[in-house]
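Reader: I should like to learn how to read the strands and helices of a protein model. Would you guide me through an example?

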Amino acid sequence: MKIENPNPIQWQFSQRAEQLQSSAIREILKITMRPEIISFAGGLPSPQTFPVERMREAYDAVLSRAGKVALQYGPSDGYAPLREWIADSLSTSDCPIVPEQVLMLSGSQQGLDLLGKVLIDEGSKILVETPSYLGALQAFSVYRPEFVSVATDDDGLVPEALDAVGQGARLLYSLPNFQNPTGRSMTLARRIALVEACARLRVPLIEDDPYGALSYNGEPLPKLLNMNPSGVVYMGSFSKVLTPGIRLGYAVAPVPLARKMEQAKQATDLHTAQLTQMVVHEVVKDGFLTEHIPTIRKLYAAQCQSMLDALQEFFPAGASWTRPQGGMFIWVTLPKHINSMELLEAAVAQNVAFVPGAPFYANTPEPNTLRLSFVTVPPEQIRIGVEKLGKLIAARM
Ligand code: PMP
């Protein structure tokens, strides 16, 4: 029974909520969902790589064998056999990882929020790469830190830059492999120098690594985690090696921090879906990923090459771009006077989309940059889209 004429509520949002904004990328994605658009905007993995049949079999197997457990509430830190599998797969001969360090997450994005919750006070200094992953900037900014941007170049984050800014920082958020948004990776020498600098300055290092397995040629470089497990929090994800729709990721942290994040997670969602974790364990336990990941690498390497070829052919002199060795993104730098936000408007009018670079900067944006995602667009469409962009850029030179 409804009451008559209730007073309308004037929602008074918290100060924290007042400063929330929708991600610039998600807004752009809405436009680019239109089927006629050639979109280099989304950060979506290619659906061609989703192992639908294998997942169906695994759901069947888990529900038939242990349906009552899979459909029940589960522990906050996660499904123990999957945590063990993750710990084993990340252990190296001189750096064993134990399951107690592993916290299962509802997507690694959740881990970024939990890290913000347990490590950041208002005004805390936190260090981020220039540019950095927008989703992390968003997650951290809820907790109102002071962002300090650390210089990067073609070899990733510049460790020497930390000496000037690192003192007293609560954390450094880094993406050593095929970074989102630039596609760049850190060299081995840089990784060692970074881990040493953070240890010297006593700054906790966050290693966000959803793309590490997607190296086009050869094995990935060592993880920061295995260089200093007591000073590094590793963030892993099944989104890019299996499928993002299952929302499954994990953090590997020193045990006291893992427990603190677990407490924060309890308040957020009690635990990550037990069914999902059991299914993923069923899929990965007998080595499925060792056959599956090379097929993703091969597809993405070919897609990347198609885009690099098109850029070479159609982009005017004065534009430059990264040449990723893995992952899903290329980063383009245009001459300083070209604003990629304005370019996007012109591009969308011609049914091509990308993500402007400015939102990826925590401090001073470089509006002449943009991110191209190349894994979901067929090669012939890549050529058409890049040619159109090239003409629009040339007209602004
Ligand atoms: N970190 C980075 C660098 C990412 O690009 C993404 C996904 N776009 C995430 C974290 C979040 O991934 P997940 O699907 O595991 O939440």
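Reader: In what order do the strands of the open sheet lie, and how are they paired?

Author: In general, the strands of a sheet pair through backbone hydrogen bonds, either parallel or antiparallel. In this predicted model, an open sheet of 7 strands has the order β2-β10-β9-β8-β7-β3-β4, and its pairing is mixed. The strands β2 (102-105) and β4 (146-150) stand at the edges; each has a single partner strand, so one side of each is left without a neighbour in the sheet. From one strand to the next, the twist averages 20 degrees.

Reader: Which strands of the sheet run antiparallel, and how many bridges join them?

Author: Strand β9 (residues 232-237) and strand β10 (residues 249-252) run antiparallel and are joined by 4 bridges. Within this pair, Ser-237 has Gly-249 in β10 as its bridge partner.

Reader: Which strands does β7 pair with in the parallel sense?

Author: Strand β3 (residues 125-129) pairs with β7 in the parallel sense over 3 bridges. Strand β8 (residues 205-208) also pairs with β7 in the parallel sense, over 3 bridges. Tyr-173 in β7 illustrates both pairings: Val-128 stands opposite Tyr-173, and Ile-206 is the bridge partner of Tyr-173 in β8.

Reader: Are the residues on the two faces of β7 buried or exposed?

Author: In a regular strand the side chains alternate between the two faces of the sheet. In β7 (residues 171-174), Leu-171 and Tyr-173 lie on one side, while Leu-172 and Ser-174 lie on the other. All four are buried, and both faces of the strand are covered.

Reader: Which helix lies across β2 and β10?

Author: That is helix α4 (residues 80-90), which runs at about 120 degrees to β2.

Reader: How is the packing of helix α12 and helix α14 described?

Author: Two packed helices are described by the angle between their axes and the distance between the axes. Here, helix α12 (residues 288-314) and helix α14 (residues 379-394) pack at an angle of about 30 degrees, and their axes are 9 Å apart. Angles under 35 degrees count as roughly parallel, and α12 and α14 are therefore roughly parallel to each other. The crossing in which α12 passes α14 is right-handed.

Reader: Which residues meet where α12 and α14 are in contact?

Author: From α12 come Ser-306, Met-307, Ala-310, Leu-311 and Phe-314; they meet Pro-379, Ile-382, Arg-383, Val-386, Glu-387 and Gly-390 in α14. The residues of this contact divide into 7 nonpolar, 2 polar and 2 charged.

Technical notes. Residues are numbered from 1 along each chain as its sequence is written. This is a predicted model: local features need pLDDT of at least 70, side-chain atom pairs count only at pLDDT 80 or more; totals for chains, interfaces and linings use all residues. Two strands pair if DSSP finds at least two bridges between them. Axes are lines fitted to C-alpha atoms, for helices over the stretch in contact, and angles run from 0 to 180 degrees between N-to-C directions. Two residues are in contact if their C-beta atoms, placed from the backbone, lie within 7 Å. Angles under 35 degrees count as roughly parallel, over 145 as roughly antiparallel, 65 to 115 as roughly perpendicular and the rest as oblique. A crossing is left-handed if the near helix is turned anticlockwise from the far one by less than a right angle, and right-handed if clockwise. Ala, Val, Leu, Ile, Met, Phe, Trp, Tyr, Cys and Pro count as nonpolar, Asp, Glu, Lys and Arg as charged, and the others, Gly among them, as polar. A residue is buried if 20 or more other C-beta atoms lie within 10 Å of its own, exposed if 12 or fewer, and partly exposed in between; C-beta atoms are placed from the backbone.
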